[in-house]
Amino acid sequence: MLDVLGDEPESVEADLIARYPGYGRGGPLAAFWRGEITLRLLRVMVENLPPDSATARARAGHDWQHVDYAAADTVDLLAMLLTQFSNAHRAKDQPPMPMPEPGWRPGAPQPEQAELAEHEKRAKARATYEHITSQVLPGKG
């Protein structure tokens with residue numbers, strides 16, 4: 001039974017109650033325990049919850065849908081096009097505008113995390129470089 005509910009049983013229960021109101025008090029989960037529906041039907045209901053359900057949000061860790069990603073891509077593209085247009089029509093004595101950074105998306109690190117990761121990457125590269133030079137250059141080892 002718990003396999004059907006997965007890792008987010010509360011989200012699944014809330015979704016079942018909201019999506020299938022015709023099963024009375026407690027929704028399909030209560031109907032299953034009362035013997036009114038089969039485990040197979042309950043599993044089918046859970047597996048076919050919509051992508052905007054609480055269960056999908058809990059599994060993904062965010063509530064972005066396809067349309068949200070498309071909107072963010074559109075904003076990034078428009079910012080890039082505006083920058084390109086401005087650079088193409090700037091006065092000759094003006095420096096070009098830098099290209100804009102893309103907006104944040106779920107799953108991407110926050111700017112602070114990206115900066116920390118870049119710092120760690122540079123420190124590791126420096127340590128590797130010093131290790132190699134200590135082995136190949138005379139007087140360094």
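Q: What counts as a helix here, and how are helices numbered?
A: A helix is a DSSP run of H or I with at least four residues, and numbering starts from the N terminus. P9 is found in one of these runs, helix α2. Please keep in mind that the model is predicted.

Q: Why is P9 called partly exposed?
A: Buried means under 20% relative accessible area and exposed means over 50%. P9 has 26% relative accessibility, so P9 counts as partly exposed. As for its place in space, the C-alpha atoms of P9 and R34 are 18 Å apart, with the two positions 25 residues apart in sequence numbering.

Q: What makes up the secondary structure of the protein chain?
A: The chain comes to 7 helices and 0 strands. Read from the N terminus, the order is α-α-α-α-α-α-α.

Q: How do you know whether the chain matches a compact globule?
A: Set the two radii of gyration side by side: a compact globule of 141 residues would have one near 14 Å, but this protein chain has 27 Å. The box filled by the C-alpha atoms tells you about its outline, at roughly 80 × 55 × 20 Å along the principal axes.

Q: What share of the residues is buried, and what is the surface like?
A: Of the 141 residues, 19% are buried. The accessible surface is about 10,800 Å², and carbon and sulfur atoms hold 58% of that area.

Q: Which residues make up the largest nonpolar core?
A: The core has 12 residues: V4, L5, V12, L16, L29, A31, F32, I37, L42, M45, V46 and L49. Two or more of these residues come from each of α1 (2-5), α2 (9-19), α3 (27-33) and α4 (39-47).

Q: What does I37 touch, once neighbours within four places in sequence are left aside?
A: I37 is in contact with Y23, P28, A31, F32 and L42. I37 is itself listed in the largest nonpolar core, as are A31, F32 and L42.

Q: Why is V44 described as partly exposed?
A: The value for V44 is 28% relative accessibility, so V44 counts as partly exposed. This residue is found in helix α4. The C-alpha atoms of V44 and Y20 are 12 Å apart, while the two residues are 24 apart in sequence.

Q: Why is T83 called buried?
A: The limit for buried is under 20%. T83 has 5% relative accessibility, so T83 counts as buried. T83 sits in helix α6, residues 66-88.

Q: Which residues does T83 touch, not counting those up to four places away in sequence?
A: T83 touches M97, P98, M99 and P100. For P98, the C-alpha distance to T83 is 7.6 Å, at 15 residues apart in sequence.

Q: What makes M80 partly exposed?
A: M80 is found in helix α6. Its relative accessibility is 35%, so M80 counts as partly exposed. Neighbours within four places aside, M80 is in contact with M99 and P100.

Q: How far is M80 from L42?
A: Their C-alpha atoms are separated by 48 Å, and the residues are 38 apart along the chain.

Q: How far apart are the mean positions of the positive and negative charges?
A: The mean positions of the 15 positive and 20 negative charges are 5 Å apart.

Methods:
Residues are numbered from 1 along each chain as its sequence is written. This is a predicted model: local features need pLDDT of at least 70, side-chain atom pairs count only at pLDDT 80 or more; totals for chains, interfaces and linings use all residues. Side-chain values use heavy atoms; hydrogens and water are left out. A nonpolar core is a set of buried Ala, Val, Leu, Ile, Met, Phe, Trp, Tyr and Cys residues joined through side-chain atoms within 4.5 Å. Buried means under 20% relative accessible area, exposed over 50%, partly exposed in between (1.4 Å probe, protein chains only). Contact means heavy atoms within 4.5 Å. The radius of gyration is taken over C-alpha atoms; the globule rule is 2.2 Å times the number of residues to the power 0.38. Accessible areas come from the Shrake-Rupley method with a 1.4 Å probe; for residues, only the protein chains shown count as cover. Lys and Arg count as positive and Asp and Glu as negative; His and the chain ends are not counted. The place of a charge is taken as NZ of Lys, CZ of Arg, CG of Asp or CD of Glu.
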